[in-house]
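Here is a short report for someone meeting this structure for the first time. Please look over the sequence and the 3D view before reading on.

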Amino acid sequence: MRSQAFVENQSRTKRGLSSHITDEEKLWKKLWSIKAPGKMKITLWRFAHDCLPSGTQLRQRNIPVASDACLFCNREESSEHTLMFCPYAAEVWRAVKSAFPLHLRRKDFSTTKSWVLDFLARSCERELVTMAVTVWHLWEARNGVRNEEKRRHPNSLAEQIKVYIELILLHLLKNPTVQRRESSSTSHWSPPPTGTAVVNSDAALFSSSSRMGVGVVIRDHTGSFLAACSKLLDEVTSPEIAEALAIRSAISLARDEGLNDFILVSDCLSVIQRIQSPVRDRSMVGVVVEDIKILAASLSSVTFRHVSRHCNNSAHAMARRAELSGSCFFHGVAPKCIRDKLCIDYI
Ligand SMILES: [Zn+2]
């Protein structure tokens, strides 16, 4: 089969494993360079990593939903079903392909990742745009039906998709100014390099008790959950010190998990700036910041990144959790309170 053959060819390459990784990384770069809005590329990337919250995914993660079956056809709702195999998706694809031909090769499907990598390897820019735009619209249509919006006729959805693709092909590909603006607006997010991890940290102050909660969530570069913790600390009332303590705990946990190379994410800009500053910090929070710098220097690579609060939901939930549940640690299986947040956290 084509997809399997692709993966096997990659792993049998005479140049060995390192070139296999390099070839795969080139394909992910190809995905991120598709001339489509970032949200569409992210949906395609999440499809490839099978982390779209489909009915099957939600059931596997024990997240209760009214129905985990496909709302178009009542079959099992995996992400590949929604985006490729569902009769509704097939109708949409048929109409889109009449204007923008491409080969889906559905019969060669084995896993979402091998299928997307194979598609990336064999497709031209126009086909890649068609894929990213159609996948996103199909997923949005599915979400709309889940949210009890009126189900759209597949031809109507396909018309909207075709207009969108035409717009991109006419303007984005021919207009470098618009293209640059598009790429800069989406550059705020990209997946971490293969082999690295993402460590989210957050703090929550519980003013009634002068206590604080620390929340840490660690995932690998594909977004898969590795570990998390909640910690309850006494006698902390300054938000900035609380955030710095959360970052220190996050680095310690990552180190204890055997991680040496990771991106530390916090939604507290002032603490991230203090950590990144070469100047010795003499503020109240400075003692903790100096600790953080020493800890980070003892590891091979720690990159500090600030994100907005809504990109840090899972760590925030873990910090809040400490007020009720005290200190606890999770390894391998994510606690229920963050399962629905793990995927959306990234965007
Ligand atoms: Zn279906």
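The report below covers confidence, overall make-up, the nonpolar cores and two loop residues.

## Confidence

This is a predicted model. The protein chain has an average pLDDT of 83. A score of at least 70 is reached by 85% of the residues.

Two stretches call for care. Residues 1–16 have a pLDDT below 50. Beyond near neighbours in sequence, this stretch makes 24 contacts in the model. Residues 175–189 also have a pLDDT below 50. Here the model shows 10 contacts beyond near neighbours in sequence. Where pLDDT is low, predicted coordinates should not be read in detail.

## Overall make-up

The protein chain holds 347 residues, and 37% of them count as buried. It contains 15 helices and 6 strands.

How do contacts spread along the sequence? Take those between residues at least 6 apart: 71% of them join residues at least 24 apart.

## The nonpolar cores

The largest nonpolar core has 45 residues. Val 199, Val 216 and Ile 218 have the most contacts inside it. Several elements give two or more residues to this core. Among them are the strands β1 (197–206), β2 (211–220), β3 (225–234) and β4 (261–266). The helices α11 (239–256), α12 (269–276), α13 (286–297) and α14 (313–325) do so too. Which element gives the most? That is α11, with 10 residues.

Ile 218 shows how the pieces meet. Leaving aside neighbours within four places in sequence, Ile 218 is in contact with Ala 197 and Val 199. Its other contacts include Leu 226, Ala 227 and Ala 228. Leu 253, Ala 254 and Glu 257 are also in contact with Ile 218. Apart from the largest core lies another core, of 39 residues. Val 116, Val 129, Val 135 and Ile 161 are among its members.

## Two loop residues with positive phi

Most residues other than glycine have a negative phi. Asp 50 has a positive phi of about 50 degrees, although it is not a glycine. Asp 50 is found in the loop between α3 (38–48) and α4 (55–60). Is Asp 50 buried or exposed? Asp 50 is buried, because 20 other C-beta atoms lie within 10 Å.

Asn 74 is not a glycine either, yet its phi is positive, at about 70 degrees. Asn 74 lies in the loop between α4 and α5 (79–85). Asn 74 is exposed, because it has 9 other C-beta atoms within 10 Å.

Technical notes. Residues numbered from 1 in each chain as written. Predicted model: local features only at pLDDT ≥ 70, side-chain atom pairs only at ≥ 80, totals over all residues. pLDDT = per-residue confidence, 0-100. Contact = placed C-beta atoms within 7 Å. Helix = DSSP H or I, 4+ residues; strand = E, 2+ residues; numbered from the N terminus. Buried ≥ 20, exposed ≤ 12 C-beta atoms within 10 Å, placed from the backbone. Core = buried A, V, L, I, M, F, W, Y, C linked by C-beta atoms within 7 Å.
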